[in-house]
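Trainee: Could you take me through one part of this model in detail? I would like to look closely at the second largest pocket and then at what lies around its walls.

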Amino acid sequence: MSGTGTTATGDSGAVGGDGVTVERDKETGVAVVTLDRPAKHNAVTLEMARRLGAIWRGLRYEDEVRAVVVTGSGGRAFCTGIDRDDAGRVPQPSSPYTIDDPLVAIGPKANDLWKPVIAAVEGMACGGAFYLLGEAEFLIAGETAEFFDPHTSYGMVSAFETIHMAQRMPFGEVARMALMGTAERISARRAHETGLVSEVTAAGGALAAAVRCAEVIAGWPTEAVQGTVRALWTAKEAVRSQALAQAPHLVTLGNLPPERQAELFTGRGRRTGFTTR
């Protein structure tokens, strides 16, 4: 970040320093929230999910932070969703009308943060990553970024993810991504063509570009900026909230049992063939 008043705090959510970090630049008013588990493709643990919620809620009270960038470390992935080891540790009620989703509150809007958030994407962004990407104001991606949704390949319903993406992409593009599963990945170029991504940079350049945008936005009057963010989300909030209310039931009814999901994951995990468009 460009200012000299930069401070960093570690919000570690896992053993060995893995987790989430937050870097604040007091001069520019920009904070960068980084998913920091590069060895695990920045997959989200249960502790990281709790940390992210706390970070977004905390930023509501930091008046010196006027714009936020969310990104992933390492360059290989923005995020690949929930850590599968942790996913099995979430007890679920037996009723088909309820489900506890550990990622449902990891995004800024779910935590009532209406400061502008820009996502900087490098490498893979898939599955549960869309909880975060779906609640950003806009996305900037490096040219080697790839987007895909593996749920159906592993016997899982893509509900929350597709609902988030349906607010950002044409219906047919969301449907194709969700239904093709692991067989197809959307390139940064195609994501830009469909409106998911607002800017494509050279590989490794997404974060710098996102920070530059955030610095501009943070320089405008705060009340006008946050009012504009809120107005934008009001335009689609009714449809979005109704759709998300149905998501838990669809997931509960449509998901295969965890042991069957694990079998599919292990079997398909050895397959490396996929197409990119």
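**The second largest pocket and its surroundings**

Mentor: Happy to! By class, the lining of the second largest pocket has seven nonpolar residues, three polar ones and no charged ones. Keep in mind that this is a predicted model. The space in this pocket comes to about 170 Å³. Two elements give two or more residues each to the lining, namely α4 (160-166) and α5 (171-180). Of these, α5 supplies the largest share, with five residues. On the structure you can pick out the lining residues Thr-152, Ser-158, Thr-162, Ile-163 and Ala-166, together with Phe-171, Val-174, Ala-175, Ala-178 and Leu-179.

From α4 we can move on to another helix, since α4 is, along with α7 (206-218), among the elements that cover the buried residues of α8. Those buried residues are Val-225, Val-229, Trp-233, Arg-240, Ala-247, Pro-248 and Val-251. Follow α8 along residues 222-254 and you will meet a kink of about 55 degrees, centred on Glu-237.

Let us finish with a sheet. Five strands form an open sheet in the order β5-β7-β9-β10-β12, and their pairing is mixed. At its edges are β5 (77-79) and β12 (275-276), each of which pairs on one side only. Within the sheet, β7 (residues 124-126) runs parallel to β9 (residues 146-148), and three bridges join the pair. To find the register, look for Ala-125, which stands opposite Phe-147 in β9.

Technical notes: Residues are numbered from 1 along each chain as its sequence is written. This is a predicted model: local features need pLDDT of at least 70, side-chain atom pairs count only at pLDDT 80 or more; totals for chains, interfaces and linings use all residues. Side-chain values use heavy atoms; hydrogens and water are left out. On a 1 Å grid over the protein atoms alone, a cavity is a set of points where a 1.4 Å probe fits but cannot get out, and a pocket is an open set with protein on both sides within 12 Å along at least five of seven lines; lining residues have an atom within 4 Å of a point. Grid points are joined across faces, edges and corners, and a volume is the space filled by probe spheres set on the points. Helices (H or I, at least four residues) and strands (E, at least two) are DSSP runs, numbered from the N terminus. Ala, Val, Leu, Ile, Met, Phe, Trp, Tyr, Cys and Pro count as nonpolar, Asp, Glu, Lys and Arg as charged, and the others, Gly among them, as polar. The bend at a residue is the angle between axes fitted to the seven residues ending there and the seven starting there. Buried means under 20% relative accessible area, exposed over 50%, partly exposed in between (1.4 Å probe, protein chains only). Contact means heavy atoms within 4.5 Å. Two strands pair if DSSP finds at least two bridges between them.
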